[in-house]
Amino acid sequence: MVQKLDKPILVTQPFLPPLEEFQEYLNNIWETKWLTNNGNFHQTLEKDLCDYLGVKYISLFSNGTLALVTALQALHITGEVITTPYSFVATTHALWWNNIKPVFVDIEPYTFNLDPEKIESAITPKTTAIMPVHVYGNPCEVEKIKLIADRYGLKLIYDACHTFDVRLNKIPILNYGDLSVMSFHATKVYHTFEGGAIISHDAATKKRIDNLKNFGFENEITVITPGINAKMNEIQASMGLLQLKYIDGVIEKRKQITIMYRNLLKNINGITYIEDVPNTKHCYSYFPIFVDKDKYGKTRDQLYEELKKNNIYGRRYFYPLISQFPTYCGLESAQRGKMPIAEKITEEIICLPLYSDLLHEQIDKIVRIIKP
Ligand code: T4K
C-alpha cells in the first residue's frame, strides 16, 4: 500500500477490462482480417451504444475532435458561431478548421456552462449556430438555449465530450440540439483508447455524417462530398464493446469517490466544488474544485504546486481560457473584461484526480494537503 501511495497520482487513469477478454476480440480480428471500415464490431457498437444511451442514431469516429469538425460540416455551418471560452481547446479549433469565426460568450456561475442570458446579445446577421459544451458533464440549460436557437433559426451543436449517459429528468442529454458530439478518449469515463461519436436524430443526417467521415463515398465509385477519413477501427470498437460491459460499475465507483471528496472537503474556507444538478443522472467525469485565494489564503497555483510536490497531479481544466490563446485572443469577443465569470473561474480551477481505481488512502492523502 505504501508503495502505491508513493506512486504519482494522476488526474485520471483509464479503466481497462481484463486483458484476456480483450484478447478474444483480437483473436477474432486476426481471424477475419477485418480491421476497419465499418466492420462487425463497429456495427455492433453503434447499435449497442444507441440502446445504452437512449439515442436514435450514432456515428462512431476516430476521435472527438474530428467528430466536432464533421458535425459542423454536416450542418453546413458557416459565418459566426456562439460558443464558450471555458472548454478544451478542441471545441473552438473545430470552428477554426471550418473557417468559422468563434464568438465567445461568458459562462454562468453554477455549472460553468454557456450562459443563456448572454447569448442573444452576441447574435449578429452572420450567426448560424450555437455550440455550447456540457462542461464536466453537467447539463447546459438546454431548454433555454433551444428557445433562443429556435427564435433566431440557429443550429445547435452540443459538445458533449464530457458526458456519458447523462440524463436530465430521465431524458438523455444527447437528445437535445441538432447534433451532439462525444469523445471516447483514454481520459474519458468511457473510452475506446481514442474515439468519438456524433449523435443525430434522423436517418438522412446520419447518412450524411457517415459519408463525410469516409471520404464522401456513397458507394464504391461515387463520391458525393469532400469528406475526410475519421473512421473508428475494429480495435477501438472492440474496446468500446468491452467498456460497455463494465461502464455501470465504473460510473458507480466514480460517484462514490465524488461523494467522498465532497464530504471530506466541505467547510474548508475558500474551497468550493459543484454539487449534483437536481433531477440529473450524472457520469462523474471530473471533480473540479475552485480556490478563492482571499478566503483560502493561497492561490490556486500555490495549491496546485503543493499537490505536485506531493506527487499529486491535478489539472487546471480549463486554464487558460480558449479565448486567451494566441489564435483567438485578438477576436473582439475575446477581449479581457468581457467574460468576467469565465475569467475568474479559470484562475480558481483545479480538477482533482478521479478514476475508478483511485484508493481511499489516495483520496485521504490528497485531502490532507488541501486542508489548511
Ligand atoms: N471537447 C471537449 C470538451 C474535450 O474535453 C475534448 C477532449 C475534446 C472536445 C476533444 O476530444 P478528443 O479529440 O480528445 O477525443 C486530455 C485529453 O487528451 C482530451 O481528450 C480531453 N478533452 C482533455 C480535457 O484532456 P490532456 O492534454 O490533458 O491529456 P494528457 O495526455 O495530459 O492526459 C491527462 C492525464 O491522463 C495524464 O496525466 C495521465 C492520464 N492518462 C492519459 C492518457 C492519454 C493515462 O493515464 N493514460 C493515457 O493513455 O488532454
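**View 1. The ligand and its pocket.** In this predicted model, the largest pocket is the space that the ligand takes up. Around the ligand there are 26 residues, and those that come nearest are Thr65, Asp159, His162, Ser183 and Tyr317. If you sort the shell around the ligand by residue type, you find 11 nonpolar residues, 12 polar ones and three charged ones. Two helices are good places to start looking: helix 4 (64-74) and helix 5 (90-97) each supply at least two residues of this shell. Helix 4 gives the most, with three residues.

**View 2. Polar partners of the ligand.** Here we look at Gly64, Lys188 and Arg315, one at a time. Gly64 takes part through its backbone: one of its polar backbone atoms is 2.9 Å from an oxygen atom of the ligand. Lys188 uses its side chain, where a polar atom lies 2.8 Å from a nitrogen atom of the ligand. Arg315 also comes in with its side chain, and an N or O atom there is 2.8 Å from an oxygen atom of the ligand. How much of the ligand's accessible area does the protein cover? On its own the ligand has 920 Å² of accessible area, and the protein covers 76% of that.

**View 3. Two cis peptide bonds in one loop.** Follow the chain to the loop between strand 16 (312-313) and helix 11 (340-345), where Phe318 is found. The peptide bond that joins Tyr317 and Phe318 is cis, with an omega of about 20°. You have already met Tyr317, as it is among the residues that come nearest to the ligand. Pro320 lies in the loop between strand 16 and helix 11 as well. Between Tyr319 and Pro320 the peptide bond is again cis, and its omega is near -10°.

**View 4. Positive phi at His76 and Phe112.** Neither residue is a glycine, yet His76 has a positive phi of about 55°, and Phe112 has a positive phi near 70°. His76 sits in the loop between helix 4 and strand 3 (80-83). Phe112 belongs to the loop between strand 4 (101-104) and strand 5 (127-131). Which of the two words, buried or exposed, fits His76? Its relative accessibility is 56%, over the 50% cut-off, so His76 counts as exposed. Phe112 has a relative accessibility of 5%, which is under 20%, and therefore counts as buried.

**View 5. Leu35 and a partner far along the sequence.** Leu35 lies in the loop between helix 2 (19-32) and helix 3 (40-53). Where does the chain bring Asn233 in relation to this residue? Leu35 and Asn233 are 198 residues apart in sequence, while in space their C-alpha atoms are 6.2 Å apart. Leu35 has a relative accessible area of 52%, and because that is over 50% it is called exposed.

**View 6. Leu10 and Ile312.** Our last stop is strand 1 (residues 9-10), which holds Leu10. Along the chain, 302 residues separate Leu10 from Ile312, but the distance between their C-alpha atoms is 6.3 Å. Is Leu10 buried, exposed or partly exposed? Its relative accessible area is 36%, which falls between the 20% and 50% cut-offs, so Leu10 is partly exposed.

Technical notes
Residues numbered from 1 in each chain as written. Predicted model: local features only at pLDDT ≥ 70, side-chain atom pairs only at ≥ 80, totals over all residues. Heavy atoms only, no water. Near = heavy atom within 4 Å. Polar contact = N/O pair within 3.5 Å; in protein donor to acceptor, adjacent residues only side chain to side chain. Areas by Shrake-Rupley, 256 points an atom, 1.4 Å probe, with all protein chains shown as cover. 1 Å grid on protein atoms, 1.4 Å probe; cavity = no way out; pocket = protein on both sides within 12 Å on 5 of 7 lines; lining within 4 Å. Sits in = over half its atoms within 2 Å of the grid points. Helix = DSSP H or I, 4+ residues; strand = E, 2+ residues; numbered from the N terminus. Nonpolar A, V, L, I, M, F, W, Y, C, P; charged D, E, K, R; others polar. Buried < 20%, exposed > 50% of the residue type's maximum accessible area, 1.4 Å probe, protein only.
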